[in-house]
Amino acid sequence: MSMNDPLGDMLTRIRNAQMRGKSTVRTPASKLRAWVLDVLKAEGYIRGYEQVTTDAGHAELEISLKYFEGAPVIRELARVSKPGRRVYAGAKELPSVRNGLGVSIVSTPKGVMSDAAARNANIGGEVLCTVF
């Protein structure tokens, strides 16, 4: 897999781990990934994450996945903005996910936040991904 899209790679790792029913999954550490995980945790989609160091000395984020009655809490995790096709939205145009049941994660000038938080702050940004 090409690492032109580290965030897309992390989302794929989460999806794959959930399909296999794993309780945790690791991804190389980066600020952007941690910020997105902060939102996923705040919105209740993951249990949490912690930074760990591999034997080779690389920093990784170990994500604790969340299940409810045996099914992954995250039903759908989709990358919106891609390296080849960036997607930006103003505060008014931020997409609503599944009539507000889901969340879009937006990278704004004030940090990475949920679409609701961005709307409240009246700022737009790059729509990184949607979660449902």
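A residue counts as buried when its relative accessible area is under 20%, as exposed when that area is over 50%, and as partly exposed in between. Keep this in mind as we walk through the structure, which is a predicted model.

## Helix H2

By that yardstick, the buried residues of helix H2 are Arg33, Ala34, Val36, Leu37, Val39 and Leu40. The helix itself covers residues 31–42, which makes twelve residues, and the distance from its first C-alpha to its last is 16 Å, close to the 16 Å expected at 1.5 Å a residue. After H2 comes Gly44, a residue with a positive phi, near 80°.

Lys41 also belongs to helix H2. Is Lys41 buried, exposed or partly exposed? Its relative accessibility is 46%, so Lys41 counts as partly exposed. Setting aside residues up to four places away in sequence, Lys41 touches Ile46, Arg47 and Gly48. Leu65 is 24 residues from Lys41 in sequence, and their C-alpha atoms are 9.8 Å apart in space.

## The whole chain

Now let us step back. The protein chain contains three helices and ten strands. Read from the N terminus, its elements follow the order α-β-α-β-β-β-β-β-β-β-β-α-β.

How does the radius of gyration fit a compact globule of 132 residues? Such a globule would have a value near 14 Å, and the protein chain has 15 Å, so the two agree. The C-alpha trace spans about 45 × 35 × 25 Å along its principal axes. Of the 132 residues, 44% count as buried. The accessible surface comes to about 7300 Å², and carbon and sulfur atoms account for 49% of that surface.

Contacts tell us about the chain as well. If we take those between residues at least 6 apart in sequence, 61% join residues at least 24 apart. As for charge, the protein chain carries 19 positive and 13 negative side chains, and the centres of these two sets lie 3 Å apart.

## Helix H1

Helix H1 spans residues 6–19. Its 14 residues should reach 20 Å at 1.5 Å a residue, and its end C-alpha atoms are indeed 20 Å apart, so the helix agrees with expectation. The buried residues in H1 include Leu7, Met10, Leu11, Ile14 and Ala17. H1, too, is followed by a glycine with a positive phi: Gly21, near 70°.

## Three residues in strands

Next come three strand residues. Here are their accessibilities side by side.

| Residue | Strand | Relative accessible area |
|---|---|---|
| Thr27 | E1 (residues 24–28) | 1%, buried |
| Leu77 | E6 (residues 77–79) | 4%, buried |
| Ala89 | E7 | 12%, buried |

Thr27 counts as buried because its relative accessible area is 1%, and the cut-off is under 20%. Which residues does Thr27 contact, leaving aside its neighbours within four places in sequence? They are Asp9, Met10, Arg13, Arg33, Glu60, Leu61 and Ile63. Two of these names have come up before: Met10 is a buried residue of H1, and Arg33 is a buried residue of H2.

Leu77 has its own set of partners. Apart from neighbours within four places in sequence, Leu77 is in contact with Leu11, Ile14, Arg15, Thr130 and Val131. Leu11 and Ile14 are among the buried residues of H1. Gly102 is 25 residues from Leu77 in sequence, with 9.8 Å between their C-alpha atoms.

Ala89, not counting residues up to four places away in sequence, touches Leu94, Pro95, Gly124, Gly125 and Val127. Ala17 is 72 residues from Ala89 along the chain, and their C-alpha atoms are separated by 30 Å.

## Two loop residues with positive phi

Most residues other than glycine have a negative phi. Glu69 is not a glycine, yet its phi is positive, at about 50°. Glu69 sits in the loop between strand E4 (67–68) and strand E5 (71–72). With a relative accessible area of 75%, Glu69 is exposed.

Arg98 also has a positive phi, near 50°, and is a residue other than glycine. Where is Arg98 found? Its place is the loop between strand E7 (88–89) and strand E8 (103–108). Arg98 is partly exposed, with a relative accessible area of 41%.

How values were computed
Residues are numbered from 1 along each chain as its sequence is written. Side-chain values use heavy atoms; hydrogens and water are left out. The expected span of a helix is 1.5 Å times one less than its number of residues. Buried means under 20% relative accessible area, exposed over 50%, partly exposed in between (1.4 Å probe, protein chains only). The radius of gyration is taken over C-alpha atoms; the globule rule is 2.2 Å times the number of residues to the power 0.38. Contact means heavy atoms within 4.5 Å. Accessible areas come from the Shrake-Rupley method with a 1.4 Å probe; for residues, only the protein chains shown count as cover. Lys and Arg count as positive and Asp and Glu as negative; His and the chain ends are not counted. The place of a charge is taken as NZ of Lys, CZ of Arg, CG of Asp or CD of Glu.
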